[in-house]
Amino acid sequence: MANETQAVEAAAAVAGHAAEAAEKGGMPQLDFSTFPNQIFWLLLALGAIYWLLTNIAIPRIAGILADRAGTITGDIEAAEQYKLKAKDAEAAYAKALADARAQAQKIIAETRAAIQKDLDAAAAKADADIGARVAQSEVKIAEIRAGALEAVQIVATDTATAIVTALGGKADTSAVTAAVGQRVKG
Amino acid sequence: MAEEAGTGLVFHPMEPFKIHSLFSGEPISWYEFFVPTNTTLWMAIGVLAIALLMVVGTLRRAIVPGRVQSVAELAYGFIHKMVEDVAGKDGLVYFPYIFTLFLFIVFSNFLGLIPGAFTPTSHIAVTAVMAMGVFVGVTALGFMKHGSHFLGLFWVSAAPLALRPILAVIEVISYFVRPVSHSIRLAGNMMAGHAVMEVFAAFAPLILFSFVGVIVTPLSVLAIVAMYALEILVAFVQAYVFTILTCVYLKDALHPGH
């Protein structure tokens with residue numbers, strides 16, 4: 001019995017404690033005396049945020065985003081145009097290159113023909129020159145050869161005369177000449 | 001047990017939620033609604049932070065945004081897309097209201113994570129006003145746009161005829177419970193996380209009084225860190241949930257057909 005009363009008393013004390021704690025500590029969220037204050041300041045804060053957003057922030061950010069979208073579209077268009085231009089330029093370049101190559105081929109062919117012509121002419125001229133010189137040289141050689149034969153005859157005649165004289169004979173000029181002429185010819 | 005705790009550990013998990021006058025530190029009476037309190041201070045800090053982000057951060061109007069402007073544009077784009085995706089193009093008229101709510105909640109939640117700060121959104125009075133605002137506004141909008149057709153929201157025409165009255169009762173009840181769940185979800189989440197951290201914080205100094213503290217103190221410090229990480233997630237997720245539910249309710253008002 002004593003134990004029981006003690007237990008009940010203890011329980012009552014604990015409960016009282018809890019109630020006191022609840023009253024003192026409680027949930028501040030359920031303290032209704034602070035509600036008007038919180039609601040007043042909340043509405044003020046929300047109003048301030050709403051004013052800031054609708055008057056400044058939202059139009060400004062929407063403007064920034066629109067500007068950016070415009071800039072990006074513009075840039076893409078410009079890039080597209082530049083790309084087209086680049087393509088045209090490339091085609092023009094390729095055409096110019098092909099033209100230049102064809103022109104070069106033509107010039108090369110022409111030059112080659114001209115050179116060939118010059119070369120042929122020069123060669124023909126050189127051949128003619130060479131032919132003339134050869135003919136001249138042949139004439140000269142023939143002259144020299146003829147000259148040489150005559151000289152041989154004269155020398156032989158002189159020598160024969162000299163030998164005949166040296167042997168004590170009397171050289172008959174016409175006889176010697178005839179003999180030498182006969183010998184040289186033979 | 002109770003006496004042991006009484007020797008050193010002090011549990012006041014609800015202490016940081018108390019509202020008092022900013023200058024005198026005294027509790028306020030119900031008629032002193034104009035007296036600046038700690039909730040006023042942190043709402044003001046929130047408004048200031050929002051102004052810094054959304055107004056000062058976008059001052060340069062850069063085509064290639066800086067860091068702050070990127071965040072401002074990200075927030076704008078995030079909510080703008082949410083409203084458009086959930087409520088449809090005609091819901092975009094109400095985008096400024098929804099953006100206001102989102103910014104207030106997200107800043108209040110995150111600023112409240114600063115040690116020693118006060119979290120206005122941990123109070124049911126604050127979240128209930130916002131939720132009731134959404135509820136009343138959306139209901140009025142539904143009736144203004146569709147008149148009595150708005151009641152079609154409760155008449156599930158896809159269900160068999162016999163079931164429709166029962167479903168209508170359920171739909172009406174669920175409709176009126178919306179502001180309750182909408183507000184308690186946010187306030188409850190913000191309060192619970194902070195209160196749990198307070199409890200762990202109360203255990204942290206145990207090492208000063210008892211040998212058990214060798215184990216308990218490091219554990220409670222770890223638990224506070226883990227809770228803090230979770231609370232960072234919760235701070236954003238709850239703002240997101242409140243906002244997307246607002247969009248869903250708005251969608252119901254604009255397009256009541258199921």
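In which helix of chain B is the place of B:E73? In this predicted model, B:E73 is found in helix α3 of chain B, the element that runs over residues 67–87. With a relative accessibility of 9%, B:E73 counts as buried, because the cut-off for that class is under 20%. The side chain of B:E73 takes part in a salt bridge with the side chain of A:R68, the N to O distance being 2.7 Å. Within chain B, the side chain of B:E73 also makes a polar contact of 2.7 Å with that of B:Q69. When neighbours within four places in sequence are set aside, the residues in contact with B:E73 are A:I61, A:I64, A:L65, A:R68 and B:P65. Residues of chain A and a residue of chain B thus appear together in the surroundings of B:E73.

The interface between the two chains was examined next. Contacts link 36 residues of chain A to 46 residues of chain B. The size of an interface is often given as the accessible area lost when the parts come together. For chain A and chain B the buried area is about 3700 Å², and 76% of it lies on carbon and sulfur atoms. A:Q29, A:Q38 and A:R60 contribute 17% of the area that chain A buries against chain B, more than any other three residues.

Polar and charged pairs were also counted across this interface. One salt bridge is counted between chain A and chain B, and the pair concerned is B:E73 with A:R68. Residue pairs in polar contact across the interface number 14, with both residues at pLDDT 80 or more. On the side of chain A that touches chain B, helix α2 of chain A (residues 35–166) provides the largest share, 28 residues. By residue class, that side of chain A comprises 23 nonpolar, nine polar and four charged residues.

The architecture of chain B is helical, with seven helices and zero strands. In sequence order the pattern of chain B is α-α-α-α-α-α-α. The C-alpha trace of chain B extends over about 70 × 55 × 40 Å along its principal axes. Chain B has 258 residues, of which 45% count as buried. Of the contacts in chain B that join residues at least 6 apart in sequence, 66% are between residues at least 24 apart.

Annotated spans were compared with the predicted coordinates. An unreviewed UniProt entry lists residues 40–59, 91–118, 124–143, 150–177, 197–225 and 232–251 of chain B under "transmembrane region". Residues 40–59 of chain B are 85% helix and 0% strand, with end C-alpha atoms 27 Å apart. For residues 197–225 of chain B, the content is 69% helix and 0% strand, and the end C-alpha atoms lie 9 Å apart. In chain A, the "transmembrane region" listed by UniProt, again from an unreviewed entry, covers residues 39–58. That span of chain A is 100% helix and 0% strand, and its end C-alpha atoms are 26 Å apart.

Over all chains, the search of the whole structure yields seven salt bridges. Side chains of opposite charge can pair when their charged atoms come close. In chain A, the side chains of A:D99 and A:K95 form a salt bridge with an N to O distance of 3.8 Å. A:D99 and A:K95 are separated by about one helical turn, because they are four residues apart in helix α2 of chain A. A:D99 is partly exposed at 42% relative accessible area, whereas A:K95 counts as exposed at 56%.

Further salt bridges occur within chain B. B:K18 and B:E15 are joined by a salt bridge in which the closest N and O atoms are 3.5 Å apart. B:K18 is partly exposed at 29% relative accessibility, and B:E15 is partly exposed at 42%. In the salt bridge between B:K81 and B:D85, the closest N and O atoms are 2.8 Å apart. B:K81 and B:D85 are four residues apart in helix α3 of chain B, so about one helical turn separates them. B:K81 is exposed, with a relative accessible area of 52%, and B:D85 is exposed, with a relative accessible area of 52%. In addition, B:R178, B:K251 and B:D252 are joined into one network by salt bridges that share partners.

Definitions and conventions: Residues numbered from 1 in each chain as written. Chains lettered and ligands numbered in written order. Heavy atoms only, no water. Contact = heavy atoms within 4.5 Å. Buried area = accessible area lost by both parts, 1.4 Å probe. Salt bridge = Lys/Arg side-chain N within 4 Å of Asp/Glu carboxyl O. Polar contact = N/O pair within 3.5 Å; in protein donor to acceptor, adjacent residues only side chain to side chain. Helix = DSSP H or I, 4+ residues; strand = E, 2+ residues; numbered from the N terminus. Nonpolar A, V, L, I, M, F, W, Y, C, P; charged D, E, K, R; others polar. UniProt positions renumbered as here; feature names shortened; annotations may be inferred. Buried < 20%, exposed > 50% of the residue type's maximum accessible area, 1.4 Å probe, protein only.
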